[in-house]
Amino acid sequence: MDNAETQARLLSEALPYMQAYENKSVVVKYGGHAMGDTELGRAFARDIALLKQSGVNPIVVHGGGPQIGRMLNQMGIESRFEGGLRVTDAETVRIVEMVLAGSINKEIVAMINAEGEWAIGLCGKDGNLVFAEKATKTMIDPDSNIEKVLDLGFVGEPVEVDRTLLDLLARSEMIPVIAPVAPGRDGATYNINADTFAGAIAGSLNASRLLFLTDVPGVLNKDKELIKELSVSEAKGLIRNGTISGGMIPKVETCIDALERGVEGVVILNGKTRHAVLLELLTEHGAGTLIVP
Ligand SMILES: Nc1ncnc2c1ncn2[C@@H]1O[C@H](COP(=O)(O)OP(=O)(O)O)[C@@H](O)[C@H]1O
Ligand SMILES: CC(=O)N[C@@H](CCC(=O)OP(=O)(O)O)C(=O)O
């Protein structure tokens, strides 16, 4: 169990390593599947607080897919996914916003605040942070082998990120915690995959690191073994042959995109490991899958 002594020890051990990230942005995508019990949540919040205390600029982008699924289920609405993205009608997007920008966002803010920091909860709507457009996705129909356009409803893609507010927060004591919901210029509210959203934020900030905390050790091969390092072309091959599927597809696609946009290091790792964020940043090769150009 963590206590003040452990925290002080962690901070003193972490400080020298953290100098490499001083004044740099580290975007941490906290996936819905990585949100475990209270203790795990506290360890995550403590890591984020320690980063800020060490002079790093942490930005949390969170998901909440399983939590949205449970809420929809309670309301008698079935979840349907295409290529890892939730098909989102008008009713669903209201619930998505409620769960993501409402309860989950505030839970994370409260956890970080409980570690003595000032977290501030945002979504794309706040401070004109992100504008989205309706996502245009296609898929190859396995029966006919013909490409078809998917209508995912109010699923969006971030098209504009205004970093003004984030720059302001970076210079302040505050830690942004961002839910992946954004307005469109058409006045609609869009549900954005949290990985894609985190990639857009990291890209706009030229982040030093983009970490994806999920519920598996990283990208796994066909034999379910961890792939420690994955090149962009290998990753594309694994998506094509189906080894990478479901929610791992937008994650890996975002990693590729983020590298192209100048993010220096992108890692997928197990958020169910306590202090996963600190362990990743403080060890040379980390624990998960490092995606390389
Ligand atoms: N090759 C793969 N390696 C690891 N996980 C994979 C792979 N292919 C599909 N997955 C699935 O992707 C999931 C992670 O994505 P997702 O469920 O969206 O998590 P999160 O909520 O953290 O974003 C894993 O739990 C696993 O079921
Ligand atoms: C379009 C789309 O799929 N949006 C996601 C947003 C939440 C998310 O991405 O959460 P995780 O990171 O926990 O998967 C959804 O509705 O589930």
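These legends accompany several close-up views of a predicted model.

**View 1. The open sheet and its edges.**
Let's start with the sheet, which is open and built from eight strands in the order 5-10-2-1-13-15-16-14, with mixed pairing. At its edges lie strand 5 (118-123) and strand 14 (229-231), each of which pairs on one side only. Averaged over the sheet, neighbouring strands are turned by 20° against each other, direction ignored.

**View 2. Strand 14 beside strand 16.**
Here we zoom in on one edge of the sheet, strand 14. Strand 14 and strand 16 (residues 289-292) run parallel and are joined by three bridges. Look for Leu230, which has Ile291 of strand 16 opposite. Helix 7 (residues 232-240) packs on the sheet here, where strand 14 and strand 16 are the strands that helix 7 touches. The direction of helix 7 makes about 85° with that of strand 14.

**View 3. Helix 6 on the sheet.**
Which strands does helix 6 (residues 194-205) touch as it packs on the sheet? They are strand 1 (25-30), strand 2 (57-62), strand 10 (174-179) and strand 13 (209-214). Between the direction of helix 6 and that of strand 1 the angle is about 175°.

**View 4. Helix 6 alongside helix 8.**
In this view helix 6 meets helix 8 (residues 248-260), their axes coming within 8 Å and crossing at roughly 10°. That angle makes the two helices, 6 and 8, roughly parallel, and their crossing is right-handed. On the helix 6 side, the contact is made by Asp195, Thr196, Ala198, Gly199, Ala202 and Gly203. Helix 8 contributes Pro250, Lys251, Thr254, Asp257 and Ala258. By class, the residues of this contact are four nonpolar, four polar and three charged.

**View 5. Helix 3 across helix 4.**
Now turn to helix 3 (residues 65-74) and helix 4 (residues 90-113), whose axes come within 10 Å and cross at roughly 125°. Helix 3 and helix 4 are therefore oblique to each other, with a right-handed crossing. Gln67, Ile68, Met71 and Leu72 of helix 3 meet Thr92, Ile95, Val96, Val99 and Ile104 of helix 4. How do the residues of this contact divide into nonpolar, polar and charged? Seven are nonpolar, two are polar and none is charged.

**View 6. The residues around ligand 1.**
This close-up is centred on ligand 1, with 18 residues around it. Gly31, Thr214, Leu220, Gly247 and Met248 come nearest to the ligand. Sorted by class, the shell around ligand 1 holds six nonpolar, 10 polar and two charged residues.

**View 7. The residues around ligand 2.**
Our last stop is ligand 2, surrounded by 17 residues. The closest to ligand 2 are Gly32, Gly63, Gly65, Arg86 and Ala194. Which elements give two or more residues to this shell? They are helix 3 and strand 4 (85-86). In the shell around ligand 2, seven residues are nonpolar, nine are polar and one is charged.

How values were computed
Residues numbered from 1 in each chain as written. Chains lettered and ligands numbered in written order. Predicted model: local features only at pLDDT ≥ 70, side-chain atom pairs only at ≥ 80, totals over all residues. Axes fitted to C-alpha atoms, helices over the stretch in contact; angles between N-to-C directions. Helix = DSSP H or I, 4+ residues; strand = E, 2+ residues; numbered from the N terminus. Parallel < 35°, antiparallel > 145°, perpendicular 65-115°, else oblique. Left-handed = near helix turned anticlockwise from the far one by under 90°. Contact = placed C-beta atoms within 7 Å. Nonpolar A, V, L, I, M, F, W, Y, C, P; charged D, E, K, R; others polar. Near = placed C-beta within 6 Å. Pairing = 2+ DSSP bridges.
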